[in-house]
Amino acid sequence: MAPDTVSLRYFLVLAQELNFTRAAARIGIAQPALSARMRRLEAELGTALLVRNTRSVVLTTAGAALAESAPPALAALDRAWETARRAGAGELGAFRIGYSLSTGAETAPALVDKLIRSCPGLEVSAVPMTTPEISPAVADGRIDAGITRGAQPGRGVRRYLLRRERIGVQLAEHHPLAEHPEIEAADAAAYPLRLPDRAANSVIHDLLSTPFRDIRPRPRFHTPAISFDMSQRDLRDGLTLAPAGESALTLAPAGLTWRPLRGAPSQTFHLVLPSVQSPLHGRVRAVAKTLARELNWLPD
């Protein structure tokens, strides 16, 4: 059986001092206690480590070998303990994040980058997924976290508000309504309105259509053939509008802009974590909260 590390560390101090009085003072214990420790250590090893007399202490061959080999072994053990401590504190490990395409243009990359910079020991990987897949994948452990647009339903998960933004419409810069700093829903409803496929994200589809719910005659809604077209070709006709969150202003390609809809509800983004969480999940939660504050994602 290996000796306890405290006795081994005491022995290394004594091997340097070769004097019980000085070694005990350096360690901060009484000399008899140090002597008792060394006797127990020798008994455990089954060999003498020291030759003692009234005037000096000399290392035996075994003692000299232990004094040489113990420091790297203790250093390796210290590293192992520190690794275990950091893992237990949520500072180490692999972390898989699933994200929907609608969060992949800005929100998900910002969080992943923040995690990588804030947690050097964390191996972060991001997986694009459809929105309906994310919560079940978090719940059954296929991924460790998810980022969704809207508070998506699902069992076995907890959702944390990450971002809130106004809803408006994305439109061509030369569109007749683009000259207004804010647009009335009734005015926007006079033009064709593009909405995302409800099957892809029913929560957001319903939210984006809410401002137009009571308008008559009913607006002309349509769903594009390509659900996520970064070039936004269908908006360049100068007629079609696309209800969207405010981040569309930042991401709009040349020739397009965004205007808020008066009285429209907010669009939200959520960090999805399992109901039962590890210290690593807690650390990710804290990083996400810091990021939201830094980027003003949750204004009062």
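Q: Hi! Let's start with H281: what does H281 touch, not counting residues up to four places away in sequence?
A: Happy to help. In this predicted model, H281 touches F95, D144, L273 and P274, once residues up to four places away in sequence are set aside.

Q: And where is H281 found?
A: H281 is found in helix α10.

Q: Buried or exposed, that H281?
A: H281 is buried, because its relative accessibility is 9% and the cut-off for buried is under 20%.

Q: F95 caught my eye. Which residues have the most contacts inside the largest nonpolar core?
A: F95 is one of them, together with I97, L111, L115, L122, I147 and L271. The core has 24 residues.

Q: Which elements each supply at least two residues of this core?
A: The strands are β3 (93-99), β4 (122-128), β5 (145-149), β6 (157-172) and β11 (266-274), and the helices are α5 (107-118) and α10 (279-294).

Q: Which one gives the most?
A: That would be α10, with six residues.

Q: Any general reason why nonpolar side chains would be found together?
A: In soluble globular proteins, nonpolar side chains tend to be buried together.

Q: Back to I147: what is I147 in contact with, leaving aside neighbours within four places in sequence?
A: I147 is in contact with I97, G98, Y99, S100, T103, T107, A108, L111, I134, L162 and H270.

Q: Now the helix pair. How do the axes of α5 and α10 cross?
A: The two axes come within 10 Å and cross at roughly 120°. The crossing of α5 past α10 is right-handed.

Q: Which residues meet there?
A: From α5 you have A110, L111, K114, L115 and S118. They meet R283, V284, V287, A288, T290, L291 and E294 from α10.

Q: How does that contact split by class?
A: The contact of α5 with α10 has seven nonpolar, two polar and three charged residues.

Q: Switching to strands: how do β6 and β10 pair?
A: β6 and β10 are antiparallel, with five bridges. In that region, Q170 stands opposite W258 in β10.

Q: How many of the five residues in β10 are buried?
A: Four are, so to speak, under cover: β10 (residues 256-260) is mostly covered.

Q: What about helix α8, which residues are buried there?
A: In α8 (residues 202-209), the buried ones are I204, H205, L207, L208 and S209. What covers them includes β5, β6, β8 (221-222), β9 (242-245) and β11.

Q: Where is S247, and what is S247 in contact with?
A: S247 is in helix α9 (residues 247-251). Leaving aside neighbours within four places in sequence, S247 is in contact with E106, R163 and E165.

Q: How far apart are S247 and E165?
A: They are 82 residues apart in sequence and 7.5 Å apart in space, C-alpha to C-alpha. S247 counts as buried, because its relative accessibility is 12%.

Q: Backbone oddities next. Which peptide bond is cis?
A: The one from R216 to P217, with omega near -5°. P217 is found in the loop between α8 and β8.

Q: What is phi for L18 and for N296?
A: L18 has a positive phi of about 50° although it is not a glycine. Phi of N296 is near 55°, also positive in a residue other than glycine.

Q: Where do L18 and N296 sit?
A: L18 is in the loop between α1 (5-17) and α2 (20-27), and N296 is in the segment after α10. L18 is partly exposed, with a relative accessible area of 36%, whereas N296 counts as exposed at 54% relative accessibility.

Conventions. Residues are numbered from 1 along each chain as its sequence is written. This is a predicted model: local features need pLDDT of at least 70, side-chain atom pairs count only at pLDDT 80 or more; totals for chains, interfaces and linings use all residues. Side-chain values use heavy atoms; hydrogens and water are left out. Buried means under 20% relative accessible area, exposed over 50%, partly exposed in between (1.4 Å probe, protein chains only). Contact means heavy atoms within 4.5 Å. A nonpolar core is a set of buried Ala, Val, Leu, Ile, Met, Phe, Trp, Tyr and Cys residues joined through side-chain atoms within 4.5 Å. Axes are lines fitted to C-alpha atoms, for helices over the stretch in contact, and angles run from 0 to 180 degrees between N-to-C directions. A crossing is left-handed if the near helix is turned anticlockwise from the far one by less than a right angle, and right-handed if clockwise. Ala, Val, Leu, Ile, Met, Phe, Trp, Tyr, Cys and Pro count as nonpolar, Asp, Glu, Lys and Arg as charged, and the others, Gly among them, as polar. Two strands pair if DSSP finds at least two bridges between them.
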